[in-house]
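Me: I am new to this structure and would like a close look at a single part of it, with the surroundings explained as you go. Please take your time and connect each detail to the next.

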Amino acid sequence: MARGEAVTLVAGIGLRPGTSEADILACLDDALAAAGLPAEGRLRLATLASRFEEPGIVSAARSRQAELVAIPDEALKGFEAACATRSTRIASLYGVGSVAEAAALAAAGPGGELIQPRVATARVTCALARSAEPDAP
C-alpha cells in the first residue's frame, strides 16, 4: 500500500494459534457480508501483537493486499466501553470483551467507529471499524 493512500475500513482479527489463512478469510468474508460490504477493496487487518507473526494471518493479509497492524495487548483496554460484545474468557485474558472489536477500533484511530460487531467461528473472530479520517501522508 502506498503511503498516503486512504484506508477507511479496518478488520480486527482475533485468532487461536495455528489458525489457517482459509479460516481467517472465511470469517473476514462473513463479517464483510454481514455489514453489506464487498469482499474486495482496501482494508487494514489488525490483531494482537502476540499473533502478528502467525502464518495464517500473514498469508491472509498478503492475499488481500492488506496492511497488517499489531496491537499491543495493553492498548486494547482503552476500547472496552466501545465493544459491542463481551466474552468472559477474553475479558479475563486481555481486559476487554472482544479482541476483534478492540483491535479494529485501535487500528481505526481516533474517532473510529465500530460498524460490524464481531463475527465468530471456531478459531477466528472478526469485527469491522471505519476510520474517521484517511491515513496521513
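Me: Which way does the unit made by β2, α2 and β3 turn, and what can be said about strand β2 and the parts around it?

Reply: In this predicted model, β2, α2 and β3 form a β-α-β unit that is right-handed, and strand β2, which spans residues 44-48, is a good place from which to look outwards. The strand is mostly covered, since five of its five residues count as buried. On one side β2 is joined to β3 by five bridges, and these two strands run parallel. On the other hand, β2 also pairs with strand β1, residues 9-15, through three bridges, and that pair is parallel as well. A second right-handed β-α-β unit is made by β1, α1 and β2, which places β2 in both units.

The residue R44 shows how these pairings come together. Across from R44 in the β1 direction stands V10, while in β3 the bridge partner of R44 is E67. The contact between R44 and E67 also involves their side chains, which meet in a salt bridge with N and O 2.9 Å apart. This pair links distant parts of the chain, with R44 in strand β2 and E67 in strand β3, 23 residues apart. The two partners differ in cover: R44 is buried, at a relative accessible area of 8%, whereas E67 is partly exposed, at 32%. As a general matter, side chains of opposite charge can pair when their charged atoms come close.

The structure holds two salt bridges, and the other one joins D29 to R64, with the closest N and O atoms 2.9 Å apart. Because D29 lies in helix α1 (residues 21-34) and R64 in the loop between α2 (55-63) and β3 (67-71), this pair ties together parts that are 35 residues apart in sequence. D29 itself is partly exposed, with a relative accessible area of 26%.

Helix α2, the helical part of the unit you asked about, contains G56. This glycine is buried, with a relative accessible area of 7%, and, when residues up to four places away in sequence are not counted, G56 touches T19, S20, E21 and I24. Another glycine, G18, is 38 residues from G56 in sequence, yet the two are 7.0 Å apart in space, taken from C-alpha to C-alpha.

The nonpolar residues add a further layer to the picture. The largest nonpolar core has 21 residues, and those with the most contacts inside it are A11, I13, L28, L45, C126 and L128. To this core β1, α1, α2 and β5 (124-130) each supply at least two residues, and the largest share, six residues, comes from α1. L28 illustrates how such a residue is surrounded: leaving aside neighbours within four places in sequence, L28 is in contact with A11, L43, L45, R64, C126 and L128. Among these contacts is R64, the residue that forms a salt bridge with D29. There is also a second, separate core of 19 residues, which includes A46, L48, V69 and A100. In soluble globular proteins, nonpolar side chains tend to be buried together.

A100, one of the residues of that second core, leads on to helix α5, where A100 is listed among the buried residues. The helix covers residues 99-108 and is mostly covered, nine of its ten residues being buried. Besides A100, the buried residues of α5 include V99, E101 and L105. Just after α5, G109 takes a positive phi of about 85 degrees.

To set this part in the whole, the protein has five helices and five strands, and along the sequence they follow the pattern β-α-β-α-β-α-α-α-β-β. Of the 137 residues in the protein, 43% are buried. Of the contacts with a separation of 6 or more, 61% are between residues 24 or more positions apart. The protein exposes about 6600 Å², of which carbon and sulfur atoms supply 52%.

Key
Residues are numbered from 1 along each chain as its sequence is written. This is a predicted model: local features need pLDDT of at least 70, side-chain atom pairs count only at pLDDT 80 or more; totals for chains, interfaces and linings use all residues. Side-chain values use heavy atoms; hydrogens and water are left out. A salt bridge is a side-chain nitrogen of Lys or Arg within 4 Å of a carboxyl oxygen of Asp or Glu. Helices (H or I, at least four residues) and strands (E, at least two) are DSSP runs, numbered from the N terminus. Buried means under 20% relative accessible area, exposed over 50%, partly exposed in between (1.4 Å probe, protein chains only). Contact means heavy atoms within 4.5 Å. Accessible areas come from the Shrake-Rupley method with a 1.4 Å probe; for residues, only the protein chains shown count as cover. Two strands pair if DSSP finds at least two bridges between them. A crossover is right-handed if, with the strands pointing away from the viewer, the path from the first strand over the helix to the second runs clockwise. A nonpolar core is a set of buried Ala, Val, Leu, Ile, Met, Phe, Trp, Tyr and Cys residues joined through side-chain atoms within 4.5 Å.
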